[in-house]
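Please look through the sequence and the 3D structure shown here. The report after them is meant to be read with both in view.

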Amino acid sequence: MSDVVRWGAFSCALVPFVLIVSGTPVGGAAGAAAGLAAVTCACRALLRQSERSAARVRVRETGQLRDRTGLIRTGARGGGLHCDRRTPVD
């Protein structure tokens, strides 16, 4: 996702610069920058919502969730190591 946002931010900066160099009034370039920024923010929000929805469906179907590092996390009762380095006994 971060690559998409980076390219969006890059285009928000590059497009107005190119418009000003090519002779477009500053107001028009600023309007284009504002429009691109709004579209970039909306796309980022939709992308995040889509990723969250996919993660929820994956948890419902498999009971497992991958975090940002790619590690598999289990549902609410994870069963991970505790302070004393032992797993919980049910």
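The text below goes from the overall layout to the helices, and then to single residues and pairs.

## Overall layout

The structure is a predicted model. The protein has two helices and two strands, and along the sequence these elements come in the order α-α-β-β. Of the 90 residues in the protein, 7% are buried. The accessible surface amounts to about 7,300 Å², and carbon and sulfur atoms account for 62% of that surface. Contacts can also be sorted by how far apart the partners lie in the sequence. Among contacts between residues at least 6 apart in sequence, 28% join residues at least 24 apart.

## The two helices

Helix H1 covers residues 2–21, which makes 20 residues. At 1.5 Å a residue, H1 should span 28 Å. Its end C-alpha atoms are 29 Å apart, so the span in the model agrees with the expected one. Just after H1, Gly23 takes a positive phi of about 105°.

Helix H2 covers residues 26–62 and has 37 residues. From its first C-alpha to its last, H2 reaches 53 Å, close to the 54 Å expected at 1.5 Å a residue.

Which residues of H1 are buried? They are Gly8, Cys12 and Pro16, and these buried residues pack against helix H2. In H2, the buried residues are Ala29, Thr40 and Ala55.

## Places where distant parts of the sequence meet

Gly8 is found in helix H1. With a relative accessible area of 12%, Gly8 falls under the 20% limit and therefore counts as buried. Gly8 and Val39 are 31 residues apart along the chain, and their C-alpha atoms are separated by 8.7 Å.

Val5 is also found in helix H1. Its relative accessible area is 25%, so Val5 is partly exposed. Val5 and Cys43 are 38 residues apart in sequence, while their C-alpha atoms are 8.6 Å apart in space.

## Pairs within helix H1

An α-helix has 3.6 residues a turn, so residues three or four places apart point the same way. Two side-chain pairs in the model can be read with this in mind.

The structure holds one salt bridge. Asp3 forms this salt bridge with Arg6, and the closest N and O atoms are 3.0 Å apart. Side chains of opposite charge can pair when their charged atoms come close. Because Asp3 and Arg6 are three residues apart in helix H1, about one helical turn separates them. Asp3 is partly exposed, at 48% relative accessibility, and Arg6 is exposed, at 55%.

The structure also holds one aromatic pair. Trp7 and Phe10 form this pair, with 5.6 Å from centre to centre and 85° between the planes. Is the arrangement of Trp7 and Phe10 stacked or edge-to-face? An angle over 60 degrees counts as edge-to-face, so the 85° between the planes places the pair in that class. Both residues lie in helix H1, three residues apart, which is about one turn of the helix. Trp7 is exposed, with a relative accessible area of 60%. Phe10 is partly exposed, with a relative accessible area of 44%.

## Cysteines

How many disulfides does a search of the whole structure find? The search finds zero. Cys12 is in no disulfide, and the nearest cysteine sulfur, that of Cys41, is 7.6 Å away. Cys43 is in no disulfide either, and its nearest cysteine sulfur, again that of Cys41, is 9.4 Å away. A disulfide needs two cysteine sulfur atoms within 2.5 Å, so the 7.6 Å for Cys12 does not meet the cut-off. The 9.4 Å for Cys43 does not meet the cut-off of 2.5 Å either.

Cys12 is buried, with a relative accessible area of 16%, whereas Cys43 is partly exposed, with a relative accessible area of 44%.

## Accessibility in a table

The table lists relative accessible areas for some of the residues discussed above.

| Residue | Relative accessible area | Class |
|---|---|---|
| Gly8 | 12% | buried |
| Cys12 | 16% | buried |
| Val5 | 25% | partly exposed |
| Phe10 | 44% | partly exposed |
| Cys43 | 44% | partly exposed |
| Asp3 | 48% | partly exposed |
| Arg6 | 55% | exposed |
| Trp7 | 60% | exposed |

Terms used. Residues are numbered from 1 along each chain as its sequence is written. This is a predicted model: local features need pLDDT of at least 70, side-chain atom pairs count only at pLDDT 80 or more; totals for chains, interfaces and linings use all residues. Side-chain values use heavy atoms; hydrogens and water are left out. Helices (H or I, at least four residues) and strands (E, at least two) are DSSP runs, numbered from the N terminus. The expected span of a helix is 1.5 Å times one less than its number of residues. Buried means under 20% relative accessible area, exposed over 50%, partly exposed in between (1.4 Å probe, protein chains only). Contact means heavy atoms within 4.5 Å. Rings of Phe, Tyr and Trp (its six-membered ring) pair if their centres lie within 6.5 Å; planes under 30 degrees apart count as stacked, over 60 as edge-to-face and the rest as tilted. Accessible areas come from the Shrake-Rupley method with a 1.4 Å probe; for residues, only the protein chains shown count as cover. A salt bridge is a side-chain nitrogen of Lys or Arg within 4 Å of a carboxyl oxygen of Asp or Glu.
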